[in-house]
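User: I should like a close look at a single part of this protein. Please explain each term as it arises.

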Amino acid sequence: MPKIKQRQELDQAGVYLLLGPREDGEGEMLYIGEGDPVRARLESHYAQKDFWNRAVCFVAAPGQLNKAHVQFLEAQLIRLAKSAKRLPLDNANQPTEPSLSEADHADMQVFLENLRGMLPVLGVHAFEQIAPVAAAAQTLLFCRGKGVAASGYEATQGFVVQAGSQGVAETVPSMQQHVRGMFDLRQELIANGVLQRNVDHLRFTQDYVFSSPSTAAAVILGRSANGRLEWKGADGRTLKALQDMETKM
């Protein structure tokens with residue numbers, strides 16, 4: 001940071017993302033901000049926010065972005081991240097979107113689309129909606145237990161559990177004590193609407209990417225789980241057996 005903050009680009013107005021590990025160790029969390037200029041905001045976060053270990057900043061040539069522009073971009077990015085529900089946000093509130101002229105609004109939409117196109121290349125997938133058709137090219141796997149059934153598949157970004165999959169209504173007592181990270185993630189998914197309570201089970205309202213098949217299975221079954229054994233193909237073979245078979249080919 002002491003070296004990077006000297007870059008002249010940070011003298012400009014812009015938006016930025018801060019990414020780092022969650023406290024429970026289950027994936028990353030995200031903070032979205034804006035600054036005019038960006039440098040002062042990064043220096044403040046460097047001193048006051050502990051979680052992040054990388055930052056991504058987007059600026060333009062001098063004079064091309066102003067405070068209203070970057071406030072608009074910040075509000076749009078927070079809205080998109082909340083909609084995608086891929087990463088928990090460290091932002092406390094949804095900022096108010098400023099009024100822009102029709103021309104400025106159009107320009108910022110183009111800037112936003114270009115920005116979103118770059119992020120996956122940088123390993124940031126927080127704003128992506130999972131395309132349901134992606135499952136067609138994957139081996140579909142199933143996880144069953146305690147009267148619930150879920151389907152999912154392995155993807156480049158993690159393990160995807162499909163919308164409509166079920167999870168147990170309650171966790172085993174030991175989960176909160178011994179698998180705290182999984183328990184907290186489960187409660188978070190319930191709170192943000194990814195998991196919806198039905199009469200006797202939970203239901204996934206959307207496709208959701210987990211960091212591993214074991215995390216996905218633990219959330220579904222409400223207990224500690226080995227995803228390589230809990231997830232099985234249509235023929236009953238475990239994910240472990242399928243992976244071992246691919247390794248030998």
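In what sense, and over how many bridges, do strand β1 and β3 pair?

Analyst: This is a predicted model, in which local features need pLDDT of at least 70 and side-chain atom pairs count only at pLDDT 80 or more, while totals for chains, interfaces and linings use all residues. Residues are numbered from 1 along each chain as its sequence is written, and side-chain values use heavy atoms, with hydrogens and water left out.

Strand β1 (residues 14-21) pairs with β3 in the antiparallel sense, over six bridges. Strands are DSSP runs of E with at least two residues, helices are runs of H or I with at least four, and both are numbered from the N terminus. Two strands count as paired if DSSP finds at least two bridges between them. One position in this pairing is Y16, whose bridge partner in β3 is C57.

The pair belongs to an open sheet of three strands, in the order β2-β1-β3, with antiparallel pairing. Strands β2 (28-35) and β3 (54-59) stand at the edges with a single partner strand each, so one side of each has no neighbour in the sheet. Neighbouring strands of this sheet are turned by 15 degrees against each other on average, direction ignored.

Helix α2 lies across β1 and β2, and runs at about 160 degrees to β2. For such angles, axes are lines fitted to C-alpha atoms, for helices over the stretch in contact, and the angles run from 0 to 180 degrees between N-to-C directions. Within helix α2 (residues 67-84) is Q76. Q76 counts as buried because its relative accessibility is 7%; buried means under 20% relative accessible area, exposed over 50%, and partly exposed in between, with a 1.4 Å probe and protein chains only. Leaving aside residues up to four places away in sequence, Q76 touches E97, Q109 and L112, where contact means heavy atoms within 4.5 Å.

Two loops beside these elements deserve attention. Most residues other than glycine have a negative phi, and most peptide bonds are trans. In the loop between β2 and α1 (38-48) is P37, and the peptide bond from D36 to P37 is cis, with omega near 10 degrees. In the loop between α2 and α3 (102-118) is K85. The phi of K85 is near 55 degrees, a positive value in a residue other than glycine. K85 counts as partly exposed because its relative accessibility is 22%.
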